Amino acid sequence: MEIWKDIIEYEGLYQVSTLGRVKSVEKTRAYINRGKKRNFHRKERILKIANGRGGYKLITLSKNDNSKTFRVHRLVAQAFIPNPENKPQVNHIDEDKSNNSLNNLEWVSSYENMHWGSCLEKTHSKKNYKDEAIKRMVPVIAIKNNKEKFFDSIKSASEELGLYRSAISQCLSGKQHTTGGYSFRYAVDRNTIK
């Protein structure tokens with residue numbers, strides 16, 4: 001059976017259910033327009049939930065002409081699950097971030113959340129971290145005024161030149177031409193690195 005409760009700080013405006021649905025509450029309000037008393041009536045309505053980064057479901061709520069976006073699983077947990085230890089995160093027990101049913105959620109610490117289910121397996125799925133680190137340490141060349149400067153990695157180029165790593169990566173991938181007056185190219189053929 002689906003149970004609805006008011007969303008904290010949005011009481012009388014929005015409710016969240018044990019199934020992870022969100023609705024606007026039916027509301028009637030009187031107002032005066034051109035000297036005549038009129039009524040505004042808003043029917044109860046289930047709101048559309050958006051897909052967010054990382055697979056989380058998001059909902060945007062409005063109050064006093066201000067809109068704010070929330071993760072639905074947190075709204076369900078705040079409304080229905082006691083949190084006496086004041087744990088900061090909400091875990092999806094079945095690891096499906098789109099399943100925001102009450103019976104699939106629990107309050108957890110950061111440590112508990114990181115060590116839940118297959119999280120560690122996903123983190124450690126790469127065979128050898130040293131090999132992966134070596135792959136990321138690809139030498140690059142910075143070019144400015146026809147002068148080339150060699151760096152053993154994007155990180156070292158970023159630190160010495162005072163540029164963002166992401167901007168250097170954008171140059172290397174061809175998404176932008178220069179950053180900080182420098183153009184960049186790989187010092188080795190990346191296809192030979194495995």
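**Close-up views of a predicted model**

**View 1. The buried residues of helix α6.** In this predicted model, helix α6 spans residues 165–173, and A167, I168, C171 and L172 are its buried residues here. These four sit on the same side of α6, because they cover an arc of only 140 degrees around the axis. So what lies over them? The cover for the buried residues of α6 includes strand β12 (140–144), helix α5 (154–161) and strand β14 (183–186).

**View 2. Just past the end of α6.** Follow the chain out of α6 and you run straight into G174. This glycine takes a positive phi, at about 85 degrees.

**View 3. The β8–β9 hairpin.** Strands β8 (residues 57–63) and β9 (residues 66–71) run antiparallel, with six bridges joining them. For one pair to look at, take I59, whose bridge partner in β9 is F70. The two strands make a hairpin with two residues between them. In that turn, N64 has a positive phi of about 55 degrees.

**View 4. The whole chain, for context.** Zoom out and the protein chain has six helices and 14 strands. It runs to 194 residues, and 29% of them count as buried. Among contacts between residues at least 6 apart in sequence, 33% join residues at least 24 apart. As for the outside, the accessible surface of the chain comes to about 13,700 Å², and carbon and sulfur atoms hold 48% of that.

How values were computed
Residues are numbered from 1 along each chain as its sequence is written. This is a predicted model: local features need pLDDT of at least 70, side-chain atom pairs count only at pLDDT 80 or more; totals for chains, interfaces and linings use all residues. Side-chain values use heavy atoms; hydrogens and water are left out. Buried means under 20% relative accessible area, exposed over 50%, partly exposed in between (1.4 Å probe, protein chains only). The arc is that of the directions from the helix axis to the C-beta atoms. Contact means heavy atoms within 4.5 Å. Accessible areas come from the Shrake-Rupley method with a 1.4 Å probe; for residues, only the protein chains shown count as cover. Two strands pair if DSSP finds at least two bridges between them.
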